[in-house]
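Hi there,

Here is the structure I promised to pass on. My notes on what turned up in it follow below.

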Amino acid sequence: MRGDLLARFVRELGDATVAPGTVAVDLPEAPGSDDRARFLVYVGLVDLLAEASMPDDGEEAVRILSSSLSAVRSIQPTFRFALFERSSLTESRELIARMRGKDIALTSEWMLPRLRRDIDAYNARIAGLRAALELGLEEGSG
Amino acid sequence: MTRLIEILASDWAILREAFPRVDEPELTARLLERGGAIVERSIEERVPEGLPTEERVGRLRDLLARKAAGVAVHRFEILTGRERAARAEESEQETYETYLELEKDVVPPLKLEAKVLRAEVRNLEEEARRRGIDPGGIEPRIDWPNTLSVDAYERPQYETNESRRRAVVEFFRKAGEP
């Protein structure tokens with residue numbers, strides 16, 4: 001029944017487990033940012049669903065709309081908080097990963113090669129010094 | 001100029017069910033027209049019971065459309081942002097493990113090796129001087145200012161939760177002694 005569609009939409013609005021698949025709506029006009037345009041599309045979508053779900057009886061329509069509005073108001077804070085928390089956590093993780101990535105690159109690309117080059121130089125120097133010392137000993141004993 | 005705006009497929013499916021005989025371009029045009037008109041109207045949060053029924057229905061529809069659209073946009077961002085969130089978590093974990101491996105297993109042995117070798121070079125140079133040999137004349141030489149100074153380096157100590165717990169207990173035990 002068409003009258004159930006508004007109720008179904010509102011019920012699913014509170015369900016964060018619905019499939020995240022999307023469709024693209026081709027807008028002939030481009031009002032503002034994508035977020036703004038998406039809001040506009042959803043405003044139209046909800047009102048068209050409301051239109052399709054409205055009974056002839058005005059008081060019944062008021063009851064259905066009030067009940068839907070009340071349901072939406074009850075889930076609104078949860079979604080706001082979830083969105084804030086999710087995006088904050090994601091942004092923090094991205095920032096940490098970026099910073100660590102720079103540290104890793106610095107260590108791998110600069111510090112490690114430099115340390116290995118230094119170690120090679122120390123070993124060569126040690127070999128040279130030992131050879132010179134041994135030669136000095138031989139000359140001294142000769 | 002047209003623009004593609006994504007919404008959840010499940011939401012679009014409900015709308016298609018409501019208007020099965022309306023083709024997509026027509027439905028999109030209606031969405032935009034309806035959405036634009038409601039957004040441009042000043043919103044009236046109060047819906048007094050004494051108002052005529054028709055006006056109450058009008059105010060409630062406007063309110064519902066705006067509030068539900070706000071939640072729908074939030075839900076869209078949460079659901080479509082899951083992939084990004086998962087990628088961020090994976091990347092954070094991956095860089096943590098790489099960083100830890102470098103700082104715990106790769107860098108310390110090399111720095112300690114360099115530290116020991118630097119000390120040995122200096123000892124041998126000192127030994128050469130004692131024997132009357134000028135170490136400056138022995139090749140190859142080291143360009144010290146261009147080396148990494150690791151003489152004061154100590155391997156970092158990574159504590160376990162258990163060792164930290166023991167340290168705290170020990171601290172308070174000592175603090176409690178007369």
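To start with a question: at roughly what angle do the axes of H2(A) and helix H3 (residues 53-80) of chain B cross, and within what distance do they come? They cross at roughly 130 degrees and come within 8 Å. Axes here are lines fitted to C-alpha atoms, for helices over the stretch in contact, with angles running from 0 to 180 degrees between N-to-C directions.

Before going further, some housekeeping. This is a predicted model, in which local features need pLDDT of at least 70 and side-chain atom pairs count only at pLDDT 80 or more, while totals for chains, interfaces and linings use all residues. Residues are numbered from 1 along each chain as its sequence is written, and chains are lettered from A and ligands numbered from 1 in the order in which they are written.

Back to the helix pair. H2(A) and H3(B) are therefore oblique to each other (under 35 degrees counts as roughly parallel, over 145 as roughly antiparallel, 65 to 115 as roughly perpendicular and the rest as oblique). H2(A) passes H3(B) in a right-handed crossing, meaning that the near helix is turned clockwise from the far one by less than a right angle. Residues of H2(A) that meet H3(B) include A:Phe39, A:Tyr42, A:Val43 and A:Val46; on the H3(B) side, B:Leu64, B:Ala68, B:Val73 and B:Phe76 are among them. The residues of this contact divide into 12 nonpolar, no polar and 5 charged. For those classes, Ala, Val, Leu, Ile, Met, Phe, Trp, Tyr, Cys and Pro count as nonpolar, Asp, Glu, Lys and Arg as charged, and the others, Gly among them, as polar.

Now the interface as a whole. In total, 83 residues of chain A are in contact with 86 residues of chain B (C-beta atoms, placed from the backbone, within 7 Å). On chain A, the elements that give two or more residues to this side are helix H1 (3-13), strand E1 (22-27), helix H2 (34-53) and helix H3 (58-141). H3(A) gives the most, with 45 residues. The chain A side divides into 48 nonpolar, 14 polar and 21 charged residues.

The strands meet across the chains too: 6 bridges join E1(A) to strand E1 (residues 3-8) of chain B, and the two run antiparallel. Strands pair if DSSP finds at least two bridges between them. In this pairing, A:Val23 stands opposite B:Ile7.

One residue of H3 in chain A that you may like to look up is A:Leu83. With 18 C-beta neighbours inside 10 Å, A:Leu83 counts as partly exposed (20 or more would be buried, 12 or fewer exposed, with C-beta atoms placed from the backbone). Leaving out residues up to four places away in sequence, A:Leu83 touches B:His74, B:Glu77 and B:Ile78.

As for the chains themselves, chain A has 3 helices and 1 strand, in the order α-β-α-α. Chain B has 5 helices and 1 strand, running β-α-α-α-α-α from the N terminus. These are DSSP runs numbered from the N terminus (helices H or I, at least four residues; strands E, at least two). Buried residues make up 25% of the 142 residues in chain A and 22% of the 178 residues in chain B.

One last detail: a cis peptide bond joins B:Glu139 and B:Pro140, with omega about -5 degrees. B:Pro140 sits in the loop between helix H4 (82-130) and helix H5 (161-176) of chain B.

Best wishes

Methods. Contact = placed C-beta atoms within 7 Å.
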